[in-house]
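Work through the exercises below with the sequence and the model side by side. Try each task before reading its solution.

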Amino acid sequence: MASVFSPSDLAARIRRDVERSVLRAKNGIKFVAGIGEPVVGQTPKDVVWKRDKVELWRFHSDDRQYRPPLLLVMSLVSRSYIFDLRPGNSVVEYFLKNGIDVFGLDWGIPDELEAGNTLETYCDEYLPRAVEAVCAEAGTSDVNVLGYCFGGILSVIYAAAHPEAPIRSLVSVATPFDSSKAQAFAPVLDAGRMEPEELFDETGNVPADVIATGFRTARPMANITAYVNLWENLWNDEFVEGYQTMDHWARDQIPFPGATFAQTTRMLSRENRLAKNTMRLGGRKIDLKDITCPFLNVIAEKDHLAPVESAAPLTSAVGSRESEELRLNAGHVGLFVGRSAQKITLPRVTEWIQRHSERIEPARSESA
């Protein structure tokens, strides 16, 4: 039976639709004109260590309740401000509010000087020195490490290559461990089709637009779906602001250092050495069973870049006696971005990190 609306209800619906149409037109003009570009990475921070283009940040906090500190490790091809998008939608902000001392590693934008950087450069040089710098700055003997996407790959390789590293606990998030089940770039770079060097530009790196195209091929309908959602919610200022922020990050790719890309293509993608536990780095075998610290593998069940079947085997591949898996109903980015991240992902990851940290006793006043 068809619903019957009273004149007042009908008038209210018409008024709402007219108001939304006006707002949709206003926000549409602003969006197309590029007005109101999002301001990202607003949490105050200091550069506490630097090597080449790599910077280590320590985020400001007046309420550090746990130690050791947490080091965030990002992928090589995406901007690290995904950890600190905007107030109210920031991983860094959430951790800080829950008493965690947060450091972030930013790889910088590579040019011809970084074209020769290899996995050894990142896992045997930058990461060990950055961890030493974190310990020195925070006055601790160890750190917690969280790696996101390819940053999770780097963190796992580093931890396995350096069993002596002062890592209290390790968290991998949306990490494409088994490359035979991952999707980005795989069809293009299968053996016999294209060699990685064919994608290099004059700097010896893979250009940012090639990286962006590779991600889009893994989910060709994503842009259309996103635009449909944008149109439907164009009247909503908060939705538009969030969309602009994510769209800005998604388009803000950076080049992939050439030598690392070639290694990644051959060793990790084609030969799948990390998942097969046959990887060698700097002439030595990398054994994932050498990772013995508490380990948490965070998996997004709707992840198109690191699907469950690619990410899940990492949980049992490490040698940690305490190796846990957290599966969440989210996508690759939705794990850390949006309302569900603030309500579900971050609280559970934060609780795990706190459980593997020490509570700092507040300093007593002299009159106490």
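**Exercise 1. Decide whether Thr260 is buried or exposed, then find what surrounds Thr260.**

Step 1. Take the relative accessible area: Thr260 has 0%. Buried means under 20%, exposed over 50%, and partly exposed in between, with a 1.4 Å probe and protein chains only. Thr260 therefore counts as buried.

Step 2. Place the residue. Thr260 sits in helix H9, residues 258-270. Helices (H or I, at least four residues) and strands (E, at least two) are DSSP runs, numbered from the N terminus.

Step 3. List the neighbours. Leaving out residues up to four places away in sequence, Thr260 touches Leu76, Asn117, Thr118, Leu119 and Tyr122. Contact means heavy atoms within 4.5 Å.

Step 4. Compare sequence with space. Ala115 is 145 residues from Thr260 in sequence, yet the C-alpha atoms are 8.2 Å apart.

A note on the source: this is a predicted model, in which local features need pLDDT of at least 70, side-chain atom pairs count only at pLDDT 80 or more, and totals for chains, interfaces and linings use all residues. Residues are numbered from 1 along each chain as its sequence is written, and side-chain values use heavy atoms, with hydrogens and water left out.

**Exercise 2. Describe the second largest cavity: what is its volume, and which residues line it?**

Step 1. Fix the terms. On a 1 Å grid over the protein atoms alone, a cavity is a set of points where a 1.4 Å probe fits but cannot get out; a pocket is an open set with protein on both sides within 12 Å along at least five of seven lines; lining residues have an atom within 4 Å of a point. Grid points are joined across faces, edges and corners, and a volume is the space filled by probe spheres set on the points.

Step 2. Count. There are 2 cavities of 30 Å³ or more. The second largest holds about 70 Å³.

Step 3. Read the lining. Leu76, Asn117 and Tyr122 are among the residues that line this cavity. Those three residues are also among the contacts of Thr260. Others in the lining include Asp52, Lys53, Trp107 and Pro257.

Step 4. Sort by class. The lining has 7 nonpolar, 2 polar and 3 charged residues. Ala, Val, Leu, Ile, Met, Phe, Trp, Tyr, Cys and Pro count as nonpolar, Asp, Glu, Lys and Arg as charged, and the others, Gly among them, as polar.

**Exercise 3. Which residues are closest to the centre of the second largest pocket, and which elements contribute to its lining?**

Step 1. The volume of the second largest pocket is about 230 Å³.

Step 2. Its lining has 19 residues, and Trp57, Arg79, Ser80, Tyr81 and Asp106 are the closest to the centre.

Step 3. Strand S2 (54-59) and strand S6 (100-106) each give two or more residues. S6 has the largest share, 3 residues.

Step 4. The classes are 9 nonpolar, 6 polar and 4 charged.

**Exercise 4. Where does pLDDT stay under 50?**

Step 1. pLDDT is the predictor's confidence in each residue, from 0 to 100. The chain mean is 82, and 75% of residues reach 70 or more.

Step 2. One stretch under 50 is residues 220-240, with 27 contacts beyond four places in sequence. Another is residues 363-368, with 0 such contacts.

Step 3. Where pLDDT is low, the predicted coordinates should not be read in detail.
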